[in-house]
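Subject: Structure handover

Hello,

Here is the structure we discussed, handed over for your own work. My notes on sheets, cysteines and cavities follow below it.

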Amino acid sequence: MADKKAQLIIEGAAPVELPILTGTVGPDVIDVRSLTSTGRFTFDPGFMSTASCESKITYIDGDKGILLHRGYPIEQLAEKSDYLETCYLLLNGELPTAEQKAQFVSTVKNHTMVHEQLKTFFNGFRRDAHPMAVMCGVVGALSAFYHDSLDINNPQHREISAVRLVAKMPTLAAMVYKYSMGQPMMYPRNDLSYAENFLHMMFNTPCEIKPISPILAKAMDRIFILHADHEQNASTSTVRLAGSSGANPFACIAAGIAALWGPAHGGANEAVLTMLDEIGDVSNIDKFIAKAKDKNDPFKLMGFGHRVYKNRDPRATVMKQTCDEVLKELGIKDDPQLQLAMRLEEIALTDPYFIERSLYPNVDFYSGIILKAIGIPTSMFTVIFALARTVGWISHWKEMLSSPYKIGRPRQLYTGYDSRDVSKLEDRK
Ligand code: CMC
């Protein structure tokens, strides 16, 4: 794997030879692990130039706009598979056979309910709490309920925890929504598909059970697939870091949910709709584009740009198609927010500022319009992202624990005071 070498010349010291590692595809990486023996280490805030781990799960070519899960292009997975097949693929490395799929779906369905006592946790939250605040709490609380699967060194325990998380996230997400609405929480229905069951728990009530539209269930399923994994992003890296200390999987996923919440990451889907509301009308677009370009203004065009993609986000292309299908199914013509989004995209993509910086719409740009059309309130958007991303997080957690790993512990460039003495209170000025 490492036959090439890089040489690091440090003034006044002997040159250091560093192995160059080659992946299956993608750029070579310089292995700097031996640097510590020279008493030095690298400085890379934001991990712009640092691979934090080796992984076989997901590959992104940001320049070409390619996203592969276990080698399969996301566009093909979105078209030819479903979310639970994608989950199986991420967790196990291969797409399931018909028999494996039936077994996996049945196992997931066995775990869709949450412990009855978990319901009482919700009463501790204000009804107007942000759903992500409640999610951080209730997912973390799962570790207090499933003691039988918390031995992270036992592969079977890891497997059960992974399935439990994939199975219970829709139930918890829907419970969060129902709690905010003051409606009774709905139990999962195992005769429905994963996406149908989620929509059932979200929108049905004990007094009215309406059939779930297959088109909307398919759109929901596709949104889940498009968010399932995205290699070492902030939340996945958070899950790996938390897991590297030996924390239990439910605690690690709660950490991932917290990292996802920010508007630069998963919170962007909510922020896009808030921004479209704020822009209000096509006539205001120029003003907001100018704000986005102004270095003295913190405003950014939400749903635009990506750390890795310097080309169109392939998930955004599928998301836009799904958006068109959903609006057609629902008979929504000339949706003002969609019109606004499309015009904004058109203007941004021809503006030199966005062209020079390779800023394209990302996965979050159109997802909010679909979710809103389905009837999901804006504050739930990031919860849906968390639900779908759980399988990616847990796949990375499992991958890390299945091979030798070390606790994640970055170093720092210290620029504070050198050692000094503590003076008595009366002597301090
Ligand atoms: N609007 C205006 N300018 C932008 C934007 C934007 N959305 N994104 C980046 N830039 C500018 C940025 O100001 C910088 O300009 P300059 O070189 O003159 O200083 C340049 O483009 C490079 O950006 P960066 O902030 O250094 O890039 P980054 O890799 O650190 O940040 C990002 C990536 C996604 C956090 C950022 O593009 C952003 O904040 N976008 C809006 C939020 C968003 O849509 N996030 C969802 C990401 S996709 C879903 C997910 O994976 O979570």
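A helix here is a DSSP run of H or I with at least four residues, and helices are numbered from the N terminus. Please keep in mind that this is a predicted model.

Cavities

Two cavities of 30 Å³ or more turned up in the structure. The largest cavity holds about 80 Å³ of space, and the second largest about 70 Å³.

Which helices supply at least two residues each to the lining of the second largest cavity? They are α3 (98–110), α6 (155–181) and α7 (194–203). The full lining consists of L84, V108, K109, T112, A167, P170, R189, N190, L192, S193, Y194 and N197. By class, that gives six nonpolar, four polar and two charged residues.

The largest cavity is lined by M113, V114, H115, E116, K119, T171, M175, M185, M186, Y187 and P188. Its lining divides into seven nonpolar, two polar and two charged residues.

Sheets

One open sheet has three strands in the order β1-β2-β3, paired antiparallel. Its edge strands are β1 (4–8) and β3 (29–30), each of which pairs on one side only. Strand β2 covers residues 16–21 and pairs with β3 in the antiparallel sense over two bridges. In that pairing, I20 stands opposite I30 of β3.

Another open sheet of three strands runs in the order β4-β5-β6, with antiparallel pairing. Here β4 (58–61) and β6 (72–73) are the edge strands, and each pairs on one side only. Strand β5, residues 66–69, is joined to β6 by two bridges in the antiparallel sense. The bridge partner of L68 in β6 is P73.

Cysteines

How many disulfides does the structure hold? The count is zero. For C53, the nearest cysteine sulfur is that of C252, 14 Å away. A disulfide needs two cysteine sulfur atoms within 2.5 Å, so C53 is in no disulfide.

Is C207 buried or exposed? With a relative accessible area of 76%, C207 counts as exposed, because the cut-off for that class is over 50%. C53 has a relative accessible area of 28% and is therefore partly exposed, as the value lies between the 20% and 50% limits.

That is what I have for now.

Regards

Methods:
Residues are numbered from 1 along each chain as its sequence is written. This is a predicted model: local features need pLDDT of at least 70, side-chain atom pairs count only at pLDDT 80 or more; totals for chains, interfaces and linings use all residues. Side-chain values use heavy atoms; hydrogens and water are left out. Two strands pair if DSSP finds at least two bridges between them. Buried means under 20% relative accessible area, exposed over 50%, partly exposed in between (1.4 Å probe, protein chains only). On a 1 Å grid over the protein atoms alone, a cavity is a set of points where a 1.4 Å probe fits but cannot get out, and a pocket is an open set with protein on both sides within 12 Å along at least five of seven lines; lining residues have an atom within 4 Å of a point. Grid points are joined across faces, edges and corners, and a volume is the space filled by probe spheres set on the points. Ala, Val, Leu, Ile, Met, Phe, Trp, Tyr, Cys and Pro count as nonpolar, Asp, Glu, Lys and Arg as charged, and the others, Gly among them, as polar.
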